[in-house]
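Hello,

Here is the structure I promised to pass on to you. Please have a look at it first, and then read my notes underneath.

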Amino acid sequence: MSAVTAYREWHRALRTFKLSADLHPCDWCGDWAARWCYDGSRATAEQGSGAFVFVEDSSAYMPLCDSCAGTFTAARRRLSYAELADAVPELARAARDNVSAFTRADVLIDTAKRREYAAAAQMTRLGKAPQAAIRATDALLRHAYSN
Ligand SMILES: [Zn+2]
């Protein structure tokens, strides 16, 4: 299997474990996330290379929006992992300052609803959720969205 194929297969598995990144708020700024980013914290477990580095550890991934992912990727290219760990809090704070508290709260509430729905749909696909639980979740979601 090529490194790129392995990378893609891992990211597909990651979405199964943690759902799609766009069902989460961005870890840095709190706006909608767009992708899962490896945080650089498992240097000894890395596979692949360049833009296709990955680790088979879902806890080493954070959901980021496109803007924050771009900032993070640029920082990862020019800094060592130790320097990166030092730089991230300030980069994240700057990103957070660009998003209003209202937007962050809105995204947080909406992502929670979307995640619940996606998890129920995923369980249905896997055939693990009883129909009664699915109907109850649907009813809750309809109620939540009707407000
Ligand atoms: Zn962001």
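**What I found**

The protein chain has five helices and two strands (DSSP runs numbered from the N terminus: H or I of at least four residues for helices, E of at least two for strands). Along the sequence they come in the order α-β-β-α-α-α-α. Please keep in mind that this is a predicted model, in which local features need pLDDT of at least 70 and side-chain atom pairs count only at pLDDT 80 or more, while totals for chains, interfaces and linings use all residues. Residues are numbered from 1 along each chain as its sequence is written, and side-chain values use heavy atoms, with hydrogens and water left out.

Let me begin with the zinc ion. Its coordination comes from the SG atoms of Cys 26, Cys 29, Cys 65 and Cys 68, at 2.3 to 2.4 Å (donors are N, O and S atoms within 2.8 Å of the metal, or 3.2 Å for Na, K and Ca; water is not among the atoms, so sites may look incomplete). The angles among the four donor atoms are 101 to 118°, and the site is tetrahedral (for four donors, all angles between 85 and 135 degrees). Along the chain, the donors of the zinc ion are spaced C-x2-C-x35-C-x2-C. Distant parts of the chain are linked here: Cys 26 sits in the loop between α1 (3-18) and β1, and Cys 65, 39 residues apart from it, in the loop between β2 and α2 (66-78). Both Cys 26 and Cys 65 are buried (under 20% relative accessible area, with exposed over 50% and partly exposed in between; 1.4 Å probe, protein chains only).

Why does Cys 37 form no disulfide? Its sulfur is 8.5 Å from the closest cysteine sulfur, in Cys 26, which is too far for a bond. The count of disulfides (pairs of cysteine sulfur atoms within 2.5 Å) comes to zero. Cys 37 is itself buried, because its relative accessibility is 8%.

Now the strands. β1 (residues 35-38) and β2 run antiparallel, joined by four bridges (strands pair if DSSP finds at least two bridges between them). Tyr 38 has Tyr 61 as its bridge partner in β2. From β2 (residues 61-64), Tyr 61 and Pro 63 point one way and Met 62 and Leu 64 the other, and all are buried.

Finally, the chain is divided into domain 1 (1-99) and domain 2 (100-147), with bounds from an automatic or database domain assignment. Their centres, taken over C-alpha atoms, are 25 Å apart. Across the two, 14 residues of domain 1 contact 13 residues of domain 2 (heavy atoms within 4.5 Å).

Best wishes

Conventions: Tetrahedral: all angles 85-135°; square planar, octahedral: opposite > 155°, others 65-115°.
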